[in-house]
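Subject: Handover of a structure and notes on its contents

Dear colleague,

Please find below the structure that I am passing on to you. My notes come after it.

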Amino acid sequence: MKVMKLIKQGAEAKIYLASFEELYFPFNEEKVIIKYRIPKRYRIKEIDEKLRKERTVREARILHRAKEFGVNAPYVYEVDLKDMKIIMEYIEGKRLKELLETIPIEERLRICREIGRQIGKLHEAGIVHGDLTTSNMILRGGKIYFIDFGLAEFDSSLEAQGVDLHLLRRAMESTHYKWFEKGFEEVLKGYEEIRGPEKRKEVEAKLDEIESRGRYRERSWVKG
(Lines give C-alpha, C1' and ligand atoms only; values in the text may rest on other atoms or scores of the structure.)
Protein backbone atom coordinates (compact mmCIF):
# COMPACT_ATOMS: atom_id res chain seq x y z
CA MET A 1 0.00 0.00 0.00
CA LYS A 2 1.31 3.46 -0.91
CA VAL A 3 1.61 6.18 1.72
CA MET A 4 -0.71 9.17 1.49
CA LYS A 5 1.16 12.32 0.52
CA LEU A 6 0.69 15.57 2.40
CA ILE A 7 0.51 18.25 -0.28
CA LYS A 8 -0.72 21.26 1.68
CA GLN A 9 -1.14 22.31 5.29
CA GLY A 10 -3.09 25.37 6.31
CA ALA A 11 -4.30 26.77 9.61
CA GLU A 12 -7.55 24.79 9.43
CA ALA A 13 -6.80 21.65 7.46
CA LYS A 14 -4.29 19.23 6.02
CA ILE A 15 -4.66 18.16 2.39
CA TYR A 16 -3.48 14.70 1.35
CA LEU A 17 -3.16 13.12 -2.08
CA ALA A 18 -4.13 9.44 -2.12
CA SER A 19 -5.85 6.91 -4.39
CA PHE A 20 -8.91 4.70 -4.28
CA GLU A 21 -6.52 1.78 -4.13
CA GLU A 22 -5.20 3.00 -0.78
CA LEU A 23 -8.67 3.66 0.60
CA TYR A 24 -11.11 1.12 -0.75
CA PHE A 25 -10.49 -0.71 -3.99
CA PRO A 26 -7.47 -2.79 -5.00
CA PHE A 27 -6.07 -1.96 -8.44
CA ASN A 28 -8.01 1.34 -8.68
CA GLU A 29 -5.29 3.98 -8.89
CA GLU A 30 -7.59 6.98 -9.44
CA LYS A 31 -6.27 9.85 -7.35
CA VAL A 32 -8.35 11.51 -4.66
CA ILE A 33 -7.93 14.39 -2.23
CA ILE A 34 -8.45 13.88 1.49
CA LYS A 35 -9.14 17.06 3.42
CA TYR A 36 -8.71 16.60 7.16
CA ARG A 37 -9.77 19.40 9.50
CA ILE A 38 -7.20 19.74 12.26
CA PRO A 39 -8.26 19.77 15.94
CA LYS A 40 -7.51 23.02 17.75
CA ARG A 41 -6.11 22.39 21.21
CA TYR A 42 -6.77 25.94 22.39
CA ARG A 43 -10.53 25.37 22.00
CA ILE A 44 -12.71 23.43 24.40
CA LYS A 45 -12.94 19.93 22.95
CA GLU A 46 -16.74 19.89 22.55
CA ILE A 47 -16.74 23.31 20.87
CA ASP A 48 -13.85 22.32 18.62
CA GLU A 49 -15.62 19.15 17.46
CA LYS A 50 -18.84 21.06 16.84
CA LEU A 51 -17.09 23.71 14.74
CA ARG A 52 -15.06 21.21 12.74
CA LYS A 53 -18.16 19.11 12.07
CA GLU A 54 -20.21 22.13 10.97
CA ARG A 55 -17.48 23.34 8.63
CA THR A 56 -16.90 19.89 7.15
CA VAL A 57 -20.62 19.41 6.46
CA ARG A 58 -20.97 22.93 5.08
CA GLU A 59 -18.08 22.52 2.64
CA ALA A 60 -19.45 19.20 1.36
CA ARG A 61 -22.91 20.71 0.89
CA ILE A 62 -21.47 23.74 -0.90
CA LEU A 63 -19.54 21.52 -3.31
CA HIS A 64 -22.66 19.45 -4.00
CA ARG A 65 -24.83 22.52 -4.66
CA ALA A 66 -22.15 24.11 -6.85
CA LYS A 67 -22.10 20.98 -9.02
CA GLU A 68 -25.90 21.11 -9.30
CA PHE A 69 -25.63 24.62 -10.77
CA GLY A 70 -23.03 23.62 -13.33
CA VAL A 71 -19.93 24.88 -11.56
CA ASN A 72 -16.81 22.87 -12.36
CA ALA A 73 -15.73 21.75 -8.89
CA PRO A 74 -14.52 18.48 -7.32
CA TYR A 75 -16.98 15.66 -6.71
CA VAL A 76 -17.41 14.67 -3.08
CA TYR A 77 -17.02 10.91 -2.64
CA GLU A 78 -17.33 10.60 1.12
CA VAL A 79 -17.79 12.73 4.25
CA ASP A 80 -16.34 11.21 7.42
CA LEU A 81 -17.70 13.07 10.46
CA LYS A 82 -15.84 10.85 12.88
CA ASP A 83 -12.44 12.04 11.68
CA MET A 84 -13.72 15.28 10.08
CA LYS A 85 -12.54 14.34 6.59
CA ILE A 86 -13.86 14.96 3.10
CA ILE A 87 -12.72 12.61 0.34
CA MET A 88 -13.10 14.29 -3.01
CA GLU A 89 -12.05 14.20 -6.64
CA TYR A 90 -8.48 15.21 -7.43
CA ILE A 91 -8.46 17.83 -10.18
CA GLU A 92 -5.23 17.22 -12.07
CA GLY A 93 -4.33 19.92 -14.54
CA LYS A 94 -2.59 23.26 -14.99
CA ARG A 95 -2.97 25.94 -12.34
CA LEU A 96 -4.12 29.20 -13.92
CA LYS A 97 -1.72 31.33 -11.88
CA GLU A 98 1.19 29.96 -13.90
CA LEU A 99 -0.62 29.04 -17.11
CA LEU A 100 -2.03 32.50 -17.80
CA GLU A 101 1.45 33.99 -17.99
CA THR A 102 2.60 31.56 -20.69
CA ILE A 103 -0.16 31.78 -23.31
CA PRO A 104 -1.17 34.45 -25.88
CA ILE A 105 -3.27 37.36 -24.62
CA GLU A 106 -6.29 36.28 -26.69
CA GLU A 107 -6.31 32.92 -24.93
CA ARG A 108 -5.89 34.57 -21.53
CA LEU A 109 -8.93 36.75 -22.16
CA ARG A 110 -10.98 33.76 -23.34
CA ILE A 111 -10.14 31.95 -20.10
CA CYS A 112 -11.02 35.04 -18.05
CA ARG A 113 -14.46 35.15 -19.64
CA GLU A 114 -15.00 31.52 -18.69
CA ILE A 115 -13.89 32.31 -15.13
CA GLY A 116 -16.64 34.94 -15.08
CA ARG A 117 -19.21 32.40 -16.25
CA GLN A 118 -18.18 30.00 -13.50
CA ILE A 119 -18.44 32.73 -10.86
CA GLY A 120 -21.85 33.67 -12.23
CA LYS A 121 -23.06 30.10 -11.80
CA LEU A 122 -21.64 29.99 -8.29
CA HIS A 123 -23.43 33.18 -7.30
CA GLU A 124 -26.64 31.96 -8.92
CA ALA A 125 -26.40 28.99 -6.54
CA GLY A 126 -26.26 31.38 -3.59
CA ILE A 127 -22.60 30.58 -2.89
CA VAL A 128 -19.56 32.81 -2.52
CA HIS A 129 -16.15 31.17 -2.80
CA GLY A 130 -14.31 33.41 -0.36
CA ASP A 131 -10.86 32.87 -1.90
CA LEU A 132 -11.14 33.53 -5.62
CA THR A 133 -7.60 33.59 -6.95
CA THR A 134 -6.05 32.05 -10.03
CA SER A 135 -4.13 29.79 -7.63
CA ASN A 136 -7.46 28.10 -6.86
CA MET A 137 -8.40 27.55 -10.51
CA ILE A 138 -7.22 24.65 -12.65
CA LEU A 139 -7.53 24.00 -16.37
CA ARG A 140 -8.32 20.35 -17.10
CA GLY A 141 -9.61 19.00 -20.38
CA GLY A 142 -10.42 22.46 -21.65
CA LYS A 143 -12.55 23.28 -18.58
CA ILE A 144 -11.78 25.61 -15.68
CA TYR A 145 -12.28 24.07 -12.25
CA PHE A 146 -12.57 25.91 -8.95
CA ILE A 147 -10.92 24.24 -5.95
CA ASP A 148 -10.38 24.95 -2.22
CA PHE A 149 -13.84 25.82 -0.94
CA GLY A 150 -12.71 26.00 2.69
CA LEU A 151 -13.78 29.66 3.02
CA ALA A 152 -16.94 29.34 0.93
CA GLU A 153 -20.32 30.31 2.34
CA PHE A 154 -23.99 30.05 1.46
CA ASP A 155 -24.61 33.77 0.97
CA SER A 156 -26.64 35.39 -1.80
CA SER A 157 -26.25 38.98 -0.57
CA LEU A 158 -24.98 41.64 -2.94
CA GLU A 159 -22.28 42.59 -0.43
CA ALA A 160 -20.87 39.05 -0.30
CA GLN A 161 -20.90 38.72 -4.09
CA GLY A 162 -19.19 42.09 -4.45
CA VAL A 163 -16.50 41.05 -1.97
CA ASP A 164 -15.98 37.80 -3.89
CA LEU A 165 -15.28 39.72 -7.10
CA HIS A 166 -13.23 42.31 -5.23
CA LEU A 167 -10.93 39.57 -3.92
CA LEU A 168 -10.47 38.20 -7.43
CA ARG A 169 -9.71 41.65 -8.83
CA ARG A 170 -7.11 42.29 -6.14
CA ALA A 171 -5.55 38.86 -6.72
CA MET A 172 -5.39 39.43 -10.49
CA GLU A 173 -3.91 42.90 -10.00
CA SER A 174 -1.19 41.39 -7.81
CA THR A 175 -0.39 38.31 -9.91
CA HIS A 176 -1.23 39.41 -13.47
CA TYR A 177 -0.65 43.15 -13.10
CA LYS A 178 0.42 43.81 -16.71
CA TRP A 179 -2.94 42.86 -18.20
CA PHE A 180 -5.38 42.38 -15.29
CA GLU A 181 -7.69 45.27 -16.29
CA LYS A 182 -8.49 43.67 -19.66
CA GLY A 183 -8.72 40.28 -17.98
CA PHE A 184 -11.11 41.44 -15.27
CA GLU A 185 -13.34 43.15 -17.83
CA GLU A 186 -13.66 39.76 -19.54
CA VAL A 187 -14.51 38.20 -16.17
CA LEU A 188 -17.38 40.67 -15.84
CA LYS A 189 -18.56 39.96 -19.40
CA GLY A 190 -18.66 36.24 -18.64
CA TYR A 191 -20.48 36.94 -15.38
CA GLU A 192 -23.07 38.96 -17.30
CA GLU A 193 -23.64 36.07 -19.73
CA ILE A 194 -24.88 33.97 -16.81
CA ARG A 195 -26.59 36.52 -14.58
CA GLY A 196 -27.73 39.18 -17.07
CA PRO A 197 -26.87 42.89 -17.50
CA GLU A 198 -28.95 44.12 -14.54
CA LYS A 199 -27.32 41.78 -12.04
CA ARG A 200 -23.89 42.61 -13.43
CA LYS A 201 -24.66 46.31 -13.00
CA GLU A 202 -25.76 45.79 -9.38
CA VAL A 203 -22.76 43.66 -8.42
CA GLU A 204 -20.31 45.95 -10.24
CA ALA A 205 -21.73 48.97 -8.39
CA LYS A 206 -21.26 47.12 -5.10
CA LEU A 207 -17.73 46.18 -6.16
CA ASP A 208 -16.92 49.85 -6.82
CA GLU A 209 -18.39 50.79 -3.44
CA ILE A 210 -16.27 48.17 -1.65
CA GLU A 211 -13.12 49.38 -3.39
CA SER A 212 -13.95 53.01 -2.53
CA ARG A 213 -14.32 52.06 1.14
CA GLY A 214 -10.92 50.39 1.00
CA ARG A 215 -9.28 53.46 -0.54
CA TYR A 216 -10.90 55.69 2.11
CA ARG A 217 -9.54 53.49 4.93
CA GLU A 218 -6.06 53.57 3.36
CA ARG A 219 -6.12 57.38 3.13
CA SER A 220 -7.37 57.68 6.73
CA TRP A 221 -4.58 55.35 7.92
CA VAL A 222 -1.92 57.39 6.11
CA LYS A 223 -3.25 60.68 7.53
CA GLY A 224 -3.36 59.19 11.03
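The notes below deal with the two sheets, the largest pocket, and three buried residues.

Please bear in mind throughout that this is a predicted model.

**The five-stranded sheet**

One open sheet consists of 5 strands in the order β1-β2-β3-β5-β4, and its pairing is antiparallel. The edges are taken by β1 and β4 (76–80); each has a single partner strand, so one side of each is left without a neighbour in the sheet. From one strand to the next, the twist averages 20°.

Starting at the β1 edge, a hairpin of 3 connecting residues leads from β1 to β2. These two antiparallel strands are joined by 4 bridges, and within the pair Leu6 stands opposite Tyr16 of β2. On to β3, the count is 7 bridges between β2 and β3, again running antiparallel. Tyr16 appears here as well, standing opposite Ile34 in β3. Tyr16 in β2 thus faces Leu6 and also Ile34. As for exposure, β2 is mostly covered, with 6 of its 7 residues buried.

At the other edge, β4 and β5 run antiparallel and are joined by 4 bridges. Glu78 has Ile87 in β5 as its bridge partner.

**The three-stranded sheet**

A further open sheet has 3 strands, ordered β6-β8-β9 and paired antiparallel. Its edge strands are β6 (94–95) and β9 (143–146), each of which pairs on one side only. Helix α4 (residues 105–124) packs on this sheet, where it touches β8 and β9, and the direction of the helix makes about 45° with that of β9.

Strand β8 (residues 137–140) runs antiparallel to β9 and is joined to it by 4 bridges. Two of the pairings may be useful for orientation: Met137 has Phe146 in β9 as its bridge partner, while Leu139 stands opposite Ile144 in β9. The two strands form a hairpin with 2 residues between them, and Gly141 in the turn has a positive phi of about 55°.

**The largest pocket**

Where is the centre of the largest pocket to be found, in terms of the residues that lie nearest to it? Those residues are Lys8, Ile15, Lys35, Ile147 and Asp148, out of a lining of 28 residues. The volume of this pocket is about 690 Å³.

Several elements contribute to the lining: β1 (5–9), β2 (13–19), β3 (31–37), α2 (45–68) and β5 (85–89) each supply at least two residues. Of these, the strands β1, β2, β3 and β5 belong to the sheet of 5 strands described above. By class, the lining comprises 15 nonpolar, 4 polar and 9 charged residues.

**Three buried residues**

Ala60 is a residue of helix α2, one of the elements that line the largest pocket. With a relative accessibility of 11%, which is under the 20% limit, Ala60 counts as buried. Leaving out residues up to four places away in sequence, Ala60 touches Val76, Val79 and Ile86. Ala60 and Ala73 are 13 residues apart in sequence, and their C-alpha atoms are 11 Å apart in space.

His176 is placed in the loop between α5 (158–175) and α6. Why does His176 count as buried? Its relative accessibility is 1%, and buried means under 20%. Apart from neighbours within four places in sequence, His176 is in contact with Leu96, Lys97, Leu100, Glu101, Thr134 and Ala171.

Leu188 lies in helix α6 (residues 180–195). Its relative accessibility is 5%, and Leu188 therefore counts as buried. The contacts of Leu188, not counting residues up to four places away in sequence, are with Leu165, Arg200 and Glu204. Leu188 and Val203 are separated by 15 residues in sequence and by 9.6 Å in space, taken from C-alpha to C-alpha.

With kind regards

Note on methods. Residues numbered from 1 in each chain as written. Predicted model: local features only at pLDDT ≥ 70, side-chain atom pairs only at ≥ 80, totals over all residues. Heavy atoms only, no water. 1 Å grid on protein atoms, 1.4 Å probe; cavity = no way out; pocket = protein on both sides within 12 Å on 5 of 7 lines; lining within 4 Å. Points joined across faces, edges and corners; volume = space filled by probe spheres on them. Nonpolar A, V, L, I, M, F, W, Y, C, P; charged D, E, K, R; others polar. Pairing = 2+ DSSP bridges. Contact = heavy atoms within 4.5 Å. Axes fitted to C-alpha atoms, helices over the stretch in contact; angles between N-to-C directions. Buried < 20%, exposed > 50% of the residue type's maximum accessible area, 1.4 Å probe, protein only.
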